[in-house]
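Please look over the chain shown below and work through its fold by question and answer.

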Amino acid sequence: MRRPLFFLMVAVLLASDLLTKSWSFSAVGNGLSRPLLGDWLSVYCVRNPGGIWGLGQSLTIPLTIVRLAAVGVLIYFVSRQPNGNRCGMFVLGLLLAGALGNLYDNLAPWMPWSGDGHVRDFIMVRFGEPGWWPGFVPWLFDPWPIFNFADSFIFAGFLMLLTGAANLSLKQPA
């Protein structure tokens, strides 16, 4: 499976996730925050033992196993993509880099790097106080759930799959 640009992309995205997590937790500190763009964007460092939006707080080990399996499935999908499927490979790269970034944090208790197995989240976005949202639907997320770059990569890749922006092949490439 020769895909040097794909693996370079994954490496760059993974490095951006790990470096920003490291920077935020060393510059700001766990449980602390620092505004970047007024009230709208802040670095707010938290450790998330669960999954998306903090769901499954007591499921760190099962979620780690799921992430390990997801990495294996993504690598399998990569091996099945034809050479011309650039958009599909881009989406797989986003998903793989995101899964590896969060898996890195999950595996810390069993690896030579520091960490407690919880995913490091640090990006806090505030869209406004509840009630400012126009219309009849109240804005429920103030702030938006705290996330990291890996979460952003997964979200963007998943959104591209859902909207049909990328097609993945399961056939053996020629």
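Q: What share of the contacts in the chain with a separation of 6 or more comes from residues 24 or more positions apart?
A: Contact here means heavy atoms within 4.5 Å. Among the contacts in the chain with a separation of 6 or more, the share of residues 24 or more positions apart is 64%.

Q: On what kind of model do these values rest, and how are the residues numbered?
A: This is a predicted model, in which local features need pLDDT of at least 70 and side-chain atom pairs count only at pLDDT 80 or more, while totals for chains, interfaces and linings use all residues. Side-chain values use heavy atoms, with hydrogens and water left out, and residues are numbered along each chain, as its sequence is written, from 1.

Q: In what order do the elements of the chain run from the N terminus on?
A: Helices (H or I, at least four residues) and strands (E, at least two) are DSSP runs, numbered from the N terminus. The chain has four helices and three strands. From the N terminus on, these elements run α-β-β-α-α-β-α.

Q: What percentage of the 174 residues in the chain is buried?
A: Buried means under 20% relative accessible area, exposed over 50% and partly exposed in between, with a 1.4 Å probe and protein chains only. By that criterion, buried residues make up, of the 174 residues in the chain, 39%.

Q: Which element gives the largest share of the largest nonpolar core?
A: A nonpolar core is a set of buried Ala, Val, Leu, Ile, Met, Phe, Trp, Tyr and Cys residues joined through side-chain atoms within 4.5 Å. In the largest such core, of 19 residues, those touching the most other members are Phe 6, Leu 13, Leu 74, Leu 92 and Leu 96. Two or more residues each come from helix H1 (4–27), helix H2 (60–80) and H3. The largest share of this core, 10 residues, is given by H3.

Q: Which residues does Leu 96 touch, not counting those up to four places away in sequence?
A: With residues up to four places away in sequence set aside, Leu 96 touches Phe 6, Val 10, Val 71, Leu 74 and Ile 75. Phe 6 and Val 10 are among the buried residues of H1, and Val 71 and Leu 74 are among those of H2. The partners of Leu 96 are thus listed in full as Phe 6, Val 10, Val 71, Leu 74 and Ile 75.

Q: How far apart are the end C-alpha atoms of H1?
A: The expected span of a helix is 1.5 Å times one less than its number of residues. Because H1 has 24 residues, it should span 34 Å, and this agrees with the distance between its end C-alpha atoms, which is 34 Å.

Q: Which elements are included in what covers the buried residues of H1?
A: The buried residues of H1 include Met 9, Leu 13, Asp 17, Lys 21 and Phe 25. An α-helix has 3.6 residues a turn, so residues three or four places apart point the same way. The cover over the buried residues of H1 includes strand S2 (41–48), H2, H3, strand S3 (119–125) and helix H4 (149–162).

Q: Which strands are the edge strands of the open sheet?
A: Two strands pair if DSSP finds at least two bridges between them. The three strands of the open sheet have the order S1-S2-S3, with antiparallel pairing. Four bridges link S1 and S2, whereas six join S2 to S3. Pairing on one side only, the edge strands are strand S1 (33–37) and S3.

Q: How many of the seven residues of S3 are buried?
A: S3 is largely enclosed by the rest of the structure, because the number of its seven residues that are buried is seven.

Q: How far apart in space are Cys 45 and Phe 122, C-alpha to C-alpha?
A: Cys 45 lies in strand S2 and is buried, with a relative accessible area of 0%. Leaving aside neighbours within four places in sequence, its contacts include Ser 24, Phe 25, Asp 121 and Phe 122. Although Cys 45 and Phe 122 are 77 residues apart in sequence, their C-alpha separation in space is 4.3 Å.

Q: What is the relative accessible area of Asp 105?
A: Asp 105 lies in helix H3 (residues 86–107). Neighbours within four places in sequence aside, Asp 105 is in contact with Lys 21, Gly 117, His 118, Val 119 and Arg 120. Asp 105 is buried, and its relative accessible area is 4%.
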